[in-house]
Amino acid sequence: MLANYHTHTIRCKHAKGTEREYIEAAIKKGFKILGFSDHVPFPYPNGFVSTIRMDMNELENYVTTLLDLRKEYKNDIDILIGFETEYQKRYLEPLYRELANYPIDYMLLGQHFVEDEIHGIYSGDPCYDEKGLSDYVNLCIEGMKTGLFAYLAHPDLFHFAGDETTYLKHMKRLIQASIDMDFLLEINIHGFLERRHYPGNLFFKTASDMGARFIIGCDAHDPSVIVNPEDISLLYNFIKINDIKYGNNILQGLKKPFYK
Ligand SMILES: [Zn+2]
Ligand SMILES: [Zn+2]
């Protein structure tokens, strides 16, 4: 059964299309489950305004819009309401307090910043500093340990530009932690289609050799990225050359939300 748990909306300020267009695209491609997981709004202090996520006051509209669409499309597809969020320790508690008021189905972990959006660097920028990589891995592991997240989105988002040995020294810690916790690592279609540095062969070959488990996520910021992975031959090759057992690992491991 086709499912995608990684879908954004225009509220994050860098995606396009209406929710309805994402849903229609998913139905057309044969998906049975479509999970929205837009960038969560953080209750930042001192009026800090993020340019890559919805504002706190859009939360209500996000949830009610999806609840209405869930009802409307209930005979065609299951619509889930989630968020993608960083493990940003100092802002998590007020965030969860706020989210507890809404019927959220799941949360994805996506560590876009080290250590957080206000005090840190973007994980996707090239970085030669071993400490940046090490901190990224530590945050992912801590986040996974909380048990709050369904899976780790684009696990190799951190763009370490230094040597391979140092890269693997730390990424193997992340991979091993995911195996110990039976935590799924995402093969990110958005990054793949845009020819970004992730998903990368080195990370995924190492992860599959070590015995990690995977899930495919569209990470759609555009309805056209709601695609059946089997229709992308280059992605099929990526999966094959990295010895990932495609087909075994698409739907497993989605956890219910932490606060119910
Ligand atoms: Zn995004
Ligand atoms: Zn992301």
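Which elements make a right-handed β-α-β unit? The close-ups below, drawn from a predicted model, start with that one.

**View 1. E1, H1 and E2 make a right-handed β-α-β unit.** The two strands here, E1 and E2, run parallel to each other and are joined by three bridges. If you want a spot to start looking, find Leu2, which sits opposite Phe31 of E2. E2 itself is largely enclosed by the rest of the structure, because eight of its nine residues are buried.

**View 2. From E2, the chain carries on to E3 by way of H2.** E2 also pairs with strand E3 (residues 78-85), again in the parallel sense, this time over seven bridges. One handy marker is Ile33, whose bridge partner in E3 is Asp78. To get from E2 to E3 the chain passes through helix H2 (residues 59-72), and this β-α-β crossover is right-handed.

**View 3. Ala26 sits in helix H1.** With a relative accessibility of 0%, Ala26 counts as buried, because the cut-off for that is under 20%. Setting aside residues up to four places away in sequence, Ala26 touches Phe31, Leu34, Ile77 and Ile226. Ala3 is 23 residues from Ala26 along the chain, and 8.8 Å separate their C-alpha atoms.

**View 4. Three histidines hold the zinc ion (ligand 1).** His14, His39 and His221 each coordinate the zinc ion (ligand 1) through NE2, at 2.0 to 2.1 Å. Along the chain, these donors follow the spacing H-x24-H-x181-H. His14 and His39 link distant parts of the chain: they are 25 residues apart, with His14 in the loop between strand E1 (2-4) and helix H1 (19-28), and His39 in strand E2 (residues 31-39). Are these two buried or partly exposed? His39 is buried, with a relative accessible area of 4%, whereas His14 is partly exposed at 37%. The zinc ion (ligand 2) is also in this view, 5.1 Å from the zinc ion (ligand 1).

**View 5. Helix H7 (residues 201-210) has a set of buried residues.** Those to look for are Phe203, Phe204, Thr206, Ala207 and Ser208. What do the buried residues of H7 pack against? Their neighbours are two helices, H5 (164-180) and H8 (233-241), along with strands E7 (185-188) and E8 (214-217). Just after H7 comes Gly211, which has a positive phi, near 105 degrees.

Definitions and conventions:
Residues are numbered from 1 along each chain as its sequence is written. Chains are lettered from A and ligands numbered from 1 in the order in which they are written. This is a predicted model: local features need pLDDT of at least 70, side-chain atom pairs count only at pLDDT 80 or more; totals for chains, interfaces and linings use all residues. Side-chain values use heavy atoms; hydrogens and water are left out. Donors are N, O and S atoms within 2.8 Å of the metal (3.2 Å for Na, K and Ca); water is not among the atoms, so sites may look incomplete. Helices (H or I, at least four residues) and strands (E, at least two) are DSSP runs, numbered from the N terminus. Buried means under 20% relative accessible area, exposed over 50%, partly exposed in between (1.4 Å probe, protein chains only). Contact means heavy atoms within 4.5 Å. Two strands pair if DSSP finds at least two bridges between them. A crossover is right-handed if, with the strands pointing away from the viewer, the path from the first strand over the helix to the second runs clockwise.
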